[in-house]
Amino acid sequence: MWIGIDIGTSGVKTVLMDRDQTITATAHAALDVQRPYPGWSEQNPEDWWNAVLQTLDDLANDRPQDMAAVRGIGLSGQMHGATLLDKSDQVLRPCILWNDTRSHAQCEVLEKRAPFRGIGGNIVMPGFTAPKLEWVRENEPDLFEAVAKVLLPKDYIRLQLTGEYISDMSDSAGTLWLDVGGRDWSASLLSATGLDSAAVPQLVEGSEPGGKLRKPLCERWGMTGTPVVAGGAGDNAASACGVGAVVPGTGFLSLGTSGVLFLSQSSYTPNTSEAVHSFCHAVPDTWHQMGVMLAAGDSVNWLARLLNMKSSVMVDQIQSQLPHAGTEAPIFHPYLSGERTPHNLAHAAGGFSGLSMSHEREDLARAVLEGVAFGMADCAKALGLTGISNTKLYVIGGGAQSDLWLQIISDATGLILQRPENMEQGAAFGAARLGLAASERADPSEICQPVKTRDEITPNAVNRSYYQDRLARYRSLVPVLS
């Protein structure tokens, strides 16, 4: 048996997987985000650990025989979070999360200080780890002086599980301290934020061993052996392993809190002109590119909260047919947390355009679904997918449950979207696959095979023409970015 643990923003999900790669049990624990000031987003790392303990305790109580047979554990986690530890491994402050924008001013400074784009392969953005540390150095200098280690969220959990400071290539690429082409830490990029190699963990590939579970925890959960803990992956690379998108040219679209377009690549080919992320993949000698929008499912949940409705009920009330000809439907820009691809503007503002007295809440809900679809179309354009026919991507995340939303996205982007047969096959499942590869010293490309699909959503020609006009209008309304 193998375990996959995904430390997300809204919760921890843990799965048990057997040798046939069937998920036999799952457990979940919720997490909260603290936003003490506008643009801030933080979590207490101890909350992650308590949530992980809760899910593993639940599985041990429900599936003692399966837990006894666990051979490997894989970790996945939200990327970029700055978890700061002192020399005694005590957490110095709440973790600054991936969607925190307070360090926007530090980004411009770092761009001039070191070749982050050339070595790190990415524009310096406030979501990344490096500018967060520069913010701490400028605003909390005494605390910065006490920093002994900087760990990403999943690697803080690894420390609790194994006692080791270890990270993988895919997650570490999101710090902006990694030489992404060389798959190693860059001394010059670390130095640009006042750090050196002592402050960062050892690196392994995601499918390689990255520590062993501590004996007291083996006893707590009734494990007869000492499971290997894999290097693991950042959440998106883990999701790619989960659906089998590890071969160059394969990828997925994710509709979770954020929206992601992910493409695996055989080489390191950064594109910093349109805020495209270029990272290492979780498997050796492979890289990937991503287009990321910060508020996908978050936009839907935001409107549902304002309307005092459940998001699923709100979406279900939208009519499947297009608005009548001549009806000027409102446009929504989903920049509620700023935006990354392609604009790279931390303070981009979301909003509705074209509202009138005739519009009802259904019109607003449709506009939000469309706005996210148009944001994904911008990501597809930045990744070079525009105009490429028959491009097929897996689609995952909570938003993938909505047939209507997927049809709108397919019509707006021109992409063919494939839903996995088992919607549980996401980041936690991908982490379990990496745990299997690590414990058995197996080829990860053999372990991470493409999953079966239950259906395929293809662009509708009539709808596509309609949405191309809407997309052009969406892109023309640039004042919302100021």
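Which residue in E23 is the bridge partner of Leu393? It is Leu417, and the strands around that pair are a good way into this predicted model. Residues are numbered from 1 along each chain as its sequence is written. Because the model is predicted, local features need pLDDT of at least 70 and side-chain atom pairs count only at pLDDT 80 or more, while totals for chains, interfaces and linings use all residues; side-chain values use heavy atoms, with hydrogens and water left out.

**The whole chain**

The protein has 18 helices and 24 strands. Helices here are DSSP runs of H or I with at least four residues, strands are E runs of at least two, and both are numbered from the N terminus. The radius of gyration is 22 Å, close to the 23 Å that the globule rule gives for 482 residues, so the protein is as compact as a globular protein of that length. (That radius is taken over C-alpha atoms, and the rule is 2.2 Å times the number of residues to the power 0.38.) Along its principal axes, the C-alpha trace spans about 70 × 50 × 45 Å.

Of the 482 residues, 60% count as buried. Buried means under 20% relative accessible area, exposed means over 50%, and partly exposed is in between, using a 1.4 Å probe and protein chains only. As for contacts (heavy atoms within 4.5 Å), residues 24 or more positions apart account for 72% of those with a separation of 6 or more.

**The seven-stranded sheet**

Back to Leu393 and Leu417: E22 and E23 pair in the parallel sense over three bridges, where pairing takes at least two DSSP bridges between two strands. They belong to an open sheet of seven strands with mixed pairing, in the order E18-E19-E17-E16-E22-E23-E24. Strand E18 (277-280) and strand E24 (453-457) stand at the edges with a single partner strand each, so one side of each is left without a neighbour in the sheet. From one strand to the next, the twist averages 30°.

At the E18 end, four bridges join that strand to E19 (residues 287-293), and the two run antiparallel. One partnership there is His277 with Met290 in E19.

Two helices pack on this sheet. The angles in the table are between N-to-C directions, run from 0 to 180 degrees, and use axes fitted to C-alpha atoms, for helices over the stretch in contact.

| Helix | Strands touched | Angle |
|---|---|---|
| H14 (residues 361-382) | E16 (251-255), E17 (259-265), E19 | about 145° with E19 |
| H15 (residues 403-413) | E16, E22 (392-396), E23 (416-420), E24 | about 150° with E23 |

What about E23 itself? Five of its five residues are buried. In a regular strand the side chains alternate between the two faces of the sheet. In E23, Ile416, Gln418 and Pro420 are on one side, with Leu417 and Arg419 on the other, and both faces are covered.

**Cores**

A nonpolar core here is a set of buried Ala, Val, Leu, Ile, Met, Phe, Trp, Tyr and Cys residues joined through side-chain atoms within 4.5 Å. The largest one has 98 residues, and Ile3, Ile5, Met67, Phe116, Ile157, Trp177 and Trp221 touch the most other members. Helix H1 (residues 45-62) gives the largest share of this core, eight residues. Leaving aside residues up to four places away in sequence, Trp221 touches Leu53, Leu56, Asp57, Ala60, Met67, Leu161 and Leu213. Apart from this core lies another of 48 residues, among them Ala304, Leu364, Leu369 and Ala380.

**Thr83 and helix H5**

Thr83 sits in strand E6 (residues 83-85) and is buried, with a relative accessible area of 0%. Beyond residues up to four places away in sequence, its contacts include Pro45, Trp48, Cys95, Lys149 and Tyr156.

E6 is also one of the elements that the buried residues of H5 pack against, and others include helix H3 (104-113) and strand E8 (149-151). Eight of the 11 residues of H5 (residues 129-139) are buried, so this helix is largely enclosed by the rest of the structure. Among those eight are Lys132, Glu134 and Trp135.

**Two loop residues with positive phi**

Most residues other than glycine have a negative phi. Gln21, in the loop between strand E2 (11-17) and strand E3 (23-30), has a positive phi of about 65°. Arg441, in the loop between helix H16 (427-440) and helix H17 (444-447), has one of about 55°. Gln21 counts as buried at 19% relative accessibility, whereas Arg441 is exposed at 61%.
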